Every structure is written in structure tokens, then in C-alpha cells.
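Okay, thanks for coming, everyone. I'd like to walk you through one model today, a piece at a time. Let me put it up on the screen.

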Amino acid sequence: MEPTTRHFLFDKTHLRVTGVRLFAVDLLEAARQVSIALDLPVGAAWVVYAAADRIDFDLQAKSVQLDDWNEARRRVLAALSSVEGISLTADADVTGEGILGSLNWQGQPSNTLQSDLELAERIQNLRRRRVSIWSTGTELLTGRIKDLNAPYLEKIARDSDLDVKSEGVLADRVGAIISGIEQSLGSGAGWIITTGGVGQSLGDYTLEALRRLDPSLAHVPIATFQHEGKHCVVEIGVGNCEGAFLIALPGPHDEVRACEPLLRKAFEGGLADKWELARGLANAVSGLFATRQKNSSNIQLIGDEITIREIVDNNAHARKD
């Protein structure tokens, strides 16, 4: 017997079953049967909406068995037809939203998906077409300053013909930042960009949040300075989680603008390694700090491109040891 292949759903997806007739149905039993049909733990599927001719399910699972789209659809419909109080019409169907919808799981034969590798590649390609943007900071939450970064990054992504969504502003808390990133992962984003909170001083938690999601976070220091008696280090961070790039950019708008050429190159597939991307972004921003250093004795530049390259190579080597 062939081993079961499971496909990652990136934490959350939805199923919609249409063409049903309901009469005094136990919805818990309906959800239980869908869980069994998809080889999920009992309780992983639950009903989020029920109407006269439709039921919507939410799948709370990391992965699902979907080796054959038509077979999975058949199993779901057969399972529901066995539940007392549910009858199916001739045009009953199962469709997906979220990741399943992106894969066009419409109950049609999937002749082009002949292997798990092809499916994994298709999922990854779909993710690379989606960009999610989060801004961070109390100043933005309270409206004291205008967010220039999110619309600017949106334009860069759209210019690269990507689907992009500006999600909003996250509080300067590790938990809040992780929650926002996980929301983007669940929606299938392949590029998740945050701005702000990379100064590594009091109130800067973005890199710590990314490090919780990717312990081998690629982080490259750019410059150090003193602020209110505290030693601060500005860093660029790039992580990878569930196949998505997590990119932590600085908050100042001119520093974000300096990253534009590297982001465009990454979006177009020119940068596939997180350390390479982190180094390139750090090099771009370090040029601004070099100019600032001339006018301020408070700023100390970590180094030029060669120094940053050495930092990256040493850090990457240390991660492998």
C-alpha cells in the first residue's frame, strides 16, 4: 500500500459544501464525519456556517490528505450523506477557500498534479505571489505619525505583479507581532514584511518575534548609536517559516526606500537565500548610515559591504555548526 501523502494547509483553510438539504441535523456529527473523511483528528473540522443548502467547515489542522482531489471530494460527500438529517442534491459539490481555493480544488480532475513534488511546487509558487505587510509601533497605532511605508511597499509588490495586502499596525509586543505573522502565514502569504522595531532597544521587539518563528533568523547589524543613555544596534532580519520569507525592515521611511531595489529583485526570484537577502538589505541601508555618520559622532557604522559579508558568512557558518 502506498504511504499516505499529506499536504500542508498553513494552519487554516475552509471547505464549503453546497447542494445539501438539512433537517434536524447534528452539526457536531457532520463535522466529525468530515474529519474522518479527510483523515484528520476528530474535532479538527468544525461547522462555522449552516444554511438551507450549504454547510461551511473550518479545518484546524497543519496538513490534510489530498492525494487525489476527486477522491477527497467523494469522501467528504459520502461522509455527509451518512449523517442523519443530511441529503445531497445531484449537483452537490465541495469547494475550498484559503489554500485549497488557491489550488483550485473545485472537484475537477487534477491531471497536471501527477506527483507530490509538483503539488508542493505549485503551492510554493502560489505563496510567492502573495505579499503581506505589517507596520509596527505605538506611534502608528495612536495616529501620531502617518504610515508611509505600507503604501510604498504595496506599490513595489504590485509593480512586480504580486497580490499584496496591507494588514494594518501591530503593537510593540512579541506576542502581537507573532500573532500577525501567523495570520499572514494562515492566509498563504509567501512574503511577510514588517517595518519598525529593529533597533534592538527598549520597545523594539520585531526581531525577537521573528526569532521565535525561525530560530536560525538571518540578522545583520548595520550601525550602533546611543539613545537616552542606552546602546542601540540597528539590524536587518530575514527568516523563513513554513516556506514564507519573513522580512523585518526598519521603520524610518528613507531606510525602507533604500531597500526597494533588493525587494524588487527578491520578488522577481533573484534572491532565494535568506542570508543573501539580509546582507543585501543591510548593505542598502548602511549607505544611509554612512552619510549620517559624517554629521553625527553618535553613530558608529558596523562596516562596509565587505565587513557585512564577513558577518553574514560567519553567522551562517555558526548556524550550521
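Let me jump straight in at F245, which counts as buried because its relative accessibility is just 3%, and the cut-off is under 20%. One caution before I go on: this is a predicted model, so please keep that in mind for everything I say.

So what is F245 doing in there? The ring of F245 is stacked on the ring of W191, since the centres are 4.9 Å apart and the planes sit at 15 degrees. W191 is in strand 9, residues 191–195, while F245 is in strand 12, residues 244–249, so this pair ties together parts that are 54 residues apart in sequence. W191 is buried as well, because its relative accessibility comes to 2%.

Now, W191 has another partner. The W191 and F267 rings have centres 5.2 Å apart, but here the planes are at 80 degrees, so we call this pair edge-to-face. Again, distant parts of the chain get linked: W191 belongs to strand 9 and F267 to helix 10, 76 residues apart. F267, at 8% relative accessibility, also counts as buried. Put those together and W191, F245 and F267 make one aromatic cluster. The count for the model is two aromatic pairs, and you've just seen both.

Let me zoom out for a second. The protein chain has twelve helices and 13 strands. Of its 321 residues, 47% are buried. And if you take the contacts with a separation of 6 or more, 72% of them are between residues 24 or more positions apart.

Back to strand 12, because there's one more residue there I want to show you. A248 lies in strand 12, and it counts as buried, given a relative accessibility of 0%. Which residues does A248 touch, leaving out those up to four places away in sequence? They are T194, V198, T206, L207, L210, I236 and G237. There's also a C-alpha distance worth noting: A248 and I193 are 55 residues apart along the chain, yet their C-alpha atoms are separated by 6.0 Å.

Okay, helices. Two packed helices are described by the angle between their axes and the distance between the axes, and I've got two such pairs.

F267 brings us to the first of these. Helix 6, residues 149–159, and helix 10, residues 260–267, have axes that come within 10 Å and cross at roughly 40 degrees. That angle makes helix 6 oblique to helix 10. As for handedness, this crossing is right-handed. Who makes the contact? On helix 6 you have Y152, L153, I156, A157 and D159, and on helix 10 you have E260, L263, R264 and F267. Sorted by class, that's six nonpolar, no polar and three charged residues. So F267 is part of this helix contact and also part of the aromatic cluster.

Second pair: helix 7, residues 174–186, with helix 8, residues 206–213. Their axes are 9 Å apart and they pack at an angle of about 55 degrees. These two are therefore oblique to each other, and helix 7 passes helix 8 in a right-handed crossing. The contact has V174, I177, I178, I181 and E182 from helix 7, against T206, E208, A209, L210, R212 and L213 from helix 8. By class, that divides into seven nonpolar, one polar and three charged. You may recognise T206 and L210 in that list; both also touch A248.

Last stop, the backbone. Most residues other than glycine have a negative phi, and most peptide bonds are trans. Which residues should you look at here? One is D39, which has a positive phi of about 60 degrees although it is not a glycine. D39 sits in the loop between helix 1 (27–37) and strand 3 (45–50), and with a relative accessible area of 42% it is partly exposed.

Another is D161, again not a glycine, with a positive phi of about 65 degrees. You'll find D161 in the loop between helix 6 and strand 8 (163–170). Buried or exposed? D161 is exposed, because its relative accessible area is 61%.

That's my tour. Happy to rotate anything on the screen if you'd like another look.

Terms used. Residues are numbered from 1 along each chain as its sequence is written. This is a predicted model: local features need pLDDT of at least 70, side-chain atom pairs count only at pLDDT 80 or more; totals for chains, interfaces and linings use all residues. Side-chain values use heavy atoms; hydrogens and water are left out. Axes are lines fitted to C-alpha atoms, for helices over the stretch in contact, and angles run from 0 to 180 degrees between N-to-C directions. Helices (H or I, at least four residues) and strands (E, at least two) are DSSP runs, numbered from the N terminus. Angles under 35 degrees count as roughly parallel, over 145 as roughly antiparallel, 65 to 115 as roughly perpendicular and the rest as oblique. A crossing is left-handed if the near helix is turned anticlockwise from the far one by less than a right angle, and right-handed if clockwise. Contact means heavy atoms within 4.5 Å. Ala, Val, Leu, Ile, Met, Phe, Trp, Tyr, Cys and Pro count as nonpolar, Asp, Glu, Lys and Arg as charged, and the others, Gly among them, as polar. Rings of Phe, Tyr and Trp (its six-membered ring) pair if their centres lie within 6.5 Å; planes under 30 degrees apart count as stacked, over 60 as edge-to-face and the rest as tilted. Buried means under 20% relative accessible area, exposed over 50%, partly exposed in between (1.4 Å probe, protein chains only).
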